[in-house]
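Me: I have a model open and some terms to sort out. Can we go through them one at a time?

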Amino acid sequence: WDCGFGFIWDRVEMKGAVWSIGLLLLLLSVSLGAAQKSSSSKLESRVSQMLEWNKRNSVIKLSSEKFNTYVKSKPRNYSVVAMLTALKPQRECSVCQDANDEYVILANSYHYSNAYSSRLFFVMVDIDEDGYEIFQWVLE
C-alpha cells in the first residue's frame, strides 16, 4: 500500500485527530459555559430568596439545611452576620434572649438605615429548631 497514499492517509488521520480535538475543546467550553451559567443562576436564585426573606424580617431564621445552602455554599457575593442561639424556654438561657433582643435591634437598625445594602444579611440559627448540625460544625 505504500504507493504514495501512505502520506495522504497520515494527513487524513492527522486532520481527523485535529478535528476531534477541536470538537472536544468546543464541547468542553460549551459545557463549562453552561456550568458557569448554572452556577450564576443558582447564585442569583439564592440572592433573590434571601432578599425575599429579608423583606419580611430583618433577621432571617435558617435551618441547618438552609444555612448550608445560603451561608456555606460558594460562590457567594453577599455577606452574612450569623447568630447561633438557644431560645427555647426549656434551655433557660437568659443571655440568649438578651443577645437576641440586641441582635434584632442591630438588624432592624441596619435594615432601615441609609447604609442598607442588599448584599448583607442577618441570619439566626436556633439549636432547637434544626440547628444542631451548624453548632457542631462551628465547634469543629
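**Contacts, cores and odd angles**

Reply: Start with Ile60. Leaving out residues up to four places away in sequence, Ile60 touches Met50, Trp53, Asn54, Phe121, Phe122, Val123 and Met124. Keep in mind that this is a predicted model.

Me: What makes these residues count as touching Ile60?

Reply: The cut-off is heavy atoms within 4.5 Å. Met50 and Phe121 are among the residues that meet it with Ile60.

Me: Which residues have the most contacts inside the largest nonpolar core?

Reply: They are Met50, Ile60, Leu62 and Tyr78, and this core has 18 residues. Two or more of its residues come from each of α1 (5-56), α2, β3 and α4. The largest share is four residues, from α1.

Me: Why is it called a nonpolar core?

Reply: Its residues must be buried, of nonpolar kinds such as Ile, Leu, Met and Tyr, and joined through side-chain atoms within 4.5 Å. The set around Ile60 and Met50 passes, so it is called a nonpolar core. There is also a second, separate core of seven residues, including Met83, Tyr110, Phe122 and Met124.

Me: Is Ser58 buried or exposed, and how do you know?

Reply: Ser58 has a relative accessible area of 5%. Buried means under 20%. Therefore Ser58 is buried. Ser58 sits in the loop between α1 and β1 (59-61). Its contacts include Val104, Ala107 and His111.

Me: What makes the link between Ser58 and Asn108 a polar contact?

Reply: Their side chains are joined at 2.3 Å. The limit is 3.5 Å for a pair of N or O atoms, where one can donate a hydrogen and the other can accept it. The pair meets that rule, so it is called a polar contact.

Me: Why is Glu92 called exposed?

Reply: Its relative accessible area is 70%. Exposed means over 50%, so Glu92 qualifies. Glu92 is in the loop between β2 and α3 (94-111). It has a positive phi of about 50°, although it is not a glycine.

Me: What makes a positive phi worth pointing out?

Reply: Most residues other than glycine have a negative phi. Asp130 also has a positive phi, about 60°, and is not a glycine.

Me: Why is Asp130 called partly exposed?

Reply: Its value is 49%. That falls between the 20% and 50% cut-offs, so Asp130 is partly exposed. Asp130 lies in the loop between β3 (120-126) and α4 (132-139).

Me: Which peptide bond is cis?

Reply: The bond from Lys74 to Pro75, with omega near -5°. Pro75 is in the loop between α2 (64-72) and β2 (79-85). Most peptide bonds are trans.

Conventions:
Residues are numbered from 1 along each chain as its sequence is written. This is a predicted model: local features need pLDDT of at least 70, side-chain atom pairs count only at pLDDT 80 or more; totals for chains, interfaces and linings use all residues. Side-chain values use heavy atoms; hydrogens and water are left out. Buried means under 20% relative accessible area, exposed over 50%, partly exposed in between (1.4 Å probe, protein chains only).
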